[in-house]
Amino acid sequence: MAFSSVLIKFASEIEQSIIVEFVNYIMETEFFLGLNLYAWITIVTVLGMFTTLLFTKLRVDTVFLAAIGIFLVTGVLDTKEALSGFSSSSVVVIGVLFVVVAGLTHTGVLQWIVRHLLGEPNSYGKAVVRLMLPVAGLSSFLSNTTVVAMFVGIVKMWSKKLGISPSKLLIPLSYASGMGGVCTLIGTPPNLIISGLYADKTGTAMNVLATTIPGLFCLGVGVLSVIAMRRLLPDRKAPESAFEATTEYTVELLVPSDNKYIGETLGDAGLFHVKGGSLIEIYHFDDVPLPVTEDEYIMGGDHLVYAGQIDEILELKNSHGLVSADHHVFSMSEVDRNRQLRTAYVNFGSSLIGTTIGGSTFEKENNLTLVAVARRGERIKETPRQVVLQAGDTLLLECPPRLNVNTNRLTSQLHFFESDQVVDISSKTLISAVVMITMVVLSALNVMPLLHCAFIAAAAMLLLRCCNMEQAMKAINWEILMVFAGSVVIGLAIQKTGIAERLALGILDVCGTNPIVVMTAICLVGTFITEFVSNTAAGAIFFPIMYEAAEKLGYEPYPFLIALMVSVSSSFATPIGSPTHMLVYGPGGYRFSDFMRIGLLMNLIILAANIFIVNVVYPLTPLN
């Protein structure tokens, strides 16, 4: 019996071996366009990712994690390769830099720079220069999103002081953050990803200032282009101007059940003709709007909808005992008198898009009450809680005094610009700035690798109490780190399956063997792709393609990759091309087409500047 069991086991192992060999043969056999089944699985997965990111509201990190899972399960990558992104030095650097940025933010470095650099220019051209250069400088070392979020509120107040529409300055603000980020390897994620992949491929690390001269040249061209094309920038009314205009807003208030005016008419109670506005609708128990007359009797639970000047209408809460309309209240004692008004903008990808606040549990879940809604600076002629929301809508919300606007539940839906925390400028401001500068200098002079410098800087921020451990941990964006890790894995899959080589050969067939033409063609496609997907993902996908193309032509890939870094961060034509565009979309009162009017030309101008300066600074060198 024992001998027969051994034979059966041996036979089954032979069968399994044959099956494995057969499957490998099928998967590795080239059967269409010179690509095997592993390559086609990779292509379908990447295209599926693009489609999912464009047309669904799924979290970006979830999509990338699913792609990694597909590569692992189908055998495109083995376990070590599928997890390689999480151990990539470039991904670790990004995570550590979040802590460094937390130190700069919590010690007021950004606030000090904003306060001292903008000034009072006397022309639009000077205003653009005074705005874009400091923003670009900060974005060279800090998160673009952090810098833009810090500047948006300042620019809105600054533009009013200068007599310039905010929409004329907020697009340049976003553009400057993107172009400034290109100027150093740590300024934008694609630079770190591409430089990290280059180091893994060649064993040679890029200098942290490798992109500085090309980046500064493109920034200068960009600033001049914005000034020259200022007529293409829209002159939109700022959303917050709707709060100030007499007839630009609707406000919904509720009558508590113990209100002293119940049983009186609207006219007798002084709720029909009010200072700063007028009553346009009234809802009784059944939520059916009635014709508004002075003789209508007031009942407990009535919803009164006013149009007019926001601050004066809200005085009715004090003078007549009304409350913001969320749910029925029976007594004024139920209402928190310390609640405050905050402005927020609906994010792209928010689950609130296409819904009404009144038809959801959003207010209850977050302890918020919607007071009013505006769209592109104009009043929406509907009851606020019945407005179907769109991306970029401005919401006026009544919030608790200590609302945490940084929770994942809120940040995925809305963006708040007002900060409850006023940072004091102190000695720690100088300390954190010195720590940041020292990190960059040590890395630039090749005293030690960037990863080591970042760890030392992060430790210094904590030890010197520029930020505490809780602030440091909250500053780390785990979703972004997952996207970065996934980008590394996707780039590996594209290279391993031969897709990069096949695409490189295809580009050479179309463009010939002129290296500048090939460089331009790949950068052009990269610029287009990054308008719709993460620039980090675009960098990881195009790295192996550009690298292979350079080698096939017989040239050192270094200059090609520098050009690629600039191109995948040059997304100017759509508001979804960059998170910073999304941040200014609502506050600027923009439409989707506003970005395309100036952005398409900016894409072409920066592409030409990029190709020119890279070939001047880094002349093409034949491979040995």
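This tour visits one helix, its aromatic partners, a cavity, a pocket and a single alanine in a predicted model.

**Stop 1: helix α25**

Begin by selecting residues 558-568, which form helix α25. This helix is mostly covered, with 11 of its 11 residues buried. The buried residues run from Tyr558 and Pro559 through Phe560, Leu561, Ile562, Ala563, Leu564, Met565 and Val566 to Ser567 and Val568. To see what lies over them, add α10, α11, α23 (515-529), α24 (535-553) and α27, which are among the elements that cover the buried residues of α25.

**Stop 2: aromatic pairs**

Keep Tyr558 in view and turn to the rings. A pair of aromatic rings is described by the distance of the centres and the angle of the planes. The count for this structure comes to 5 aromatic pairs. For one of them, select Tyr198 together with Tyr558: the ring centres are 5.7 Å apart and the planes stand at 75 degrees, over the 60 degrees required, so the pair is edge-to-face. Tyr198 belongs to helix α10 (residues 189-202) and Tyr558 to helix α25, so this pair ties together parts that are 360 residues apart in sequence. Tyr198 and Tyr558 are both buried. Now add Tyr618, since ring pairs link Tyr198, Tyr558 and Tyr618 into a cluster.

Next, select Phe217 and Phe612. Their ring centres are 5.8 Å apart and their planes lie at 40 degrees, so this pair is tilted. Here too, distant parts of the chain are linked: Phe217 is in helix α11 and Phe612 in helix α27 (residues 592-617), 395 residues apart. Is Phe217 buried or exposed? With 31% relative accessibility, Phe217 counts as partly exposed.

**Stop 3: the second largest cavity**

Rolling a probe the size of a water molecule over the atoms shows where empty space is left. The structure holds 2 cavities of 30 Å³ or more, and the second largest has a volume of about 40 Å³. To find this cavity, select its lining: Gly178, Met179, Val182, Gly215, Cys218, Val566, Ser569, Ser570, Phe572 and Ile606. Two elements, α9 (167-181) and α11 (212-228), give two or more residues each to this lining. Val566, a buried residue of α25, also lines the cavity. By class, the lining has 6 nonpolar and 4 polar residues, and no charged ones.

**Stop 4: the second largest pocket**

Move on to the second largest pocket, which contains about 460 Å³ of space. Select Ile43, Ile499, Leu503, Ile541 and Ile545 to locate it; of the 19 lining residues, these lie nearest its centre. Which elements give two or more residues to the lining of this pocket? They are α2 (37-55), α22 (499-511), α23 and α24. The largest share, 6 residues, comes from α2. The lining divides into 17 nonpolar residues, 1 polar and 1 charged.

**Stop 5: Ala504**

Finish on helix α22 by selecting Ala504. At 0% relative accessibility, Ala504 counts as buried. Apart from neighbours within four places in sequence, Ala504 is in contact with Ile545, Glu548 and Ala549. Of these partners, Ile545 was selected at the previous stop as a residue of the pocket lining. A distance drawn between the C-alpha atoms of Ala504 and Ala550 gives 8.5 Å, for residues 46 apart in sequence.

Technical notes: Residues numbered from 1 in each chain as written. Predicted model: local features only at pLDDT ≥ 70, side-chain atom pairs only at ≥ 80, totals over all residues. Heavy atoms only, no water. 1 Å grid on protein atoms, 1.4 Å probe; cavity = no way out; pocket = protein on both sides within 12 Å on 5 of 7 lines; lining within 4 Å. Points joined across faces, edges and corners; volume = space filled by probe spheres on them. Helix = DSSP H or I, 4+ residues; strand = E, 2+ residues; numbered from the N terminus. Nonpolar A, V, L, I, M, F, W, Y, C, P; charged D, E, K, R; others polar. Phe/Tyr/Trp six-rings, centres within 6.5 Å; stacked < 30°, edge-to-face > 60°. Buried < 20%, exposed > 50% of the residue type's maximum accessible area, 1.4 Å probe, protein only. Contact = heavy atoms within 4.5 Å.
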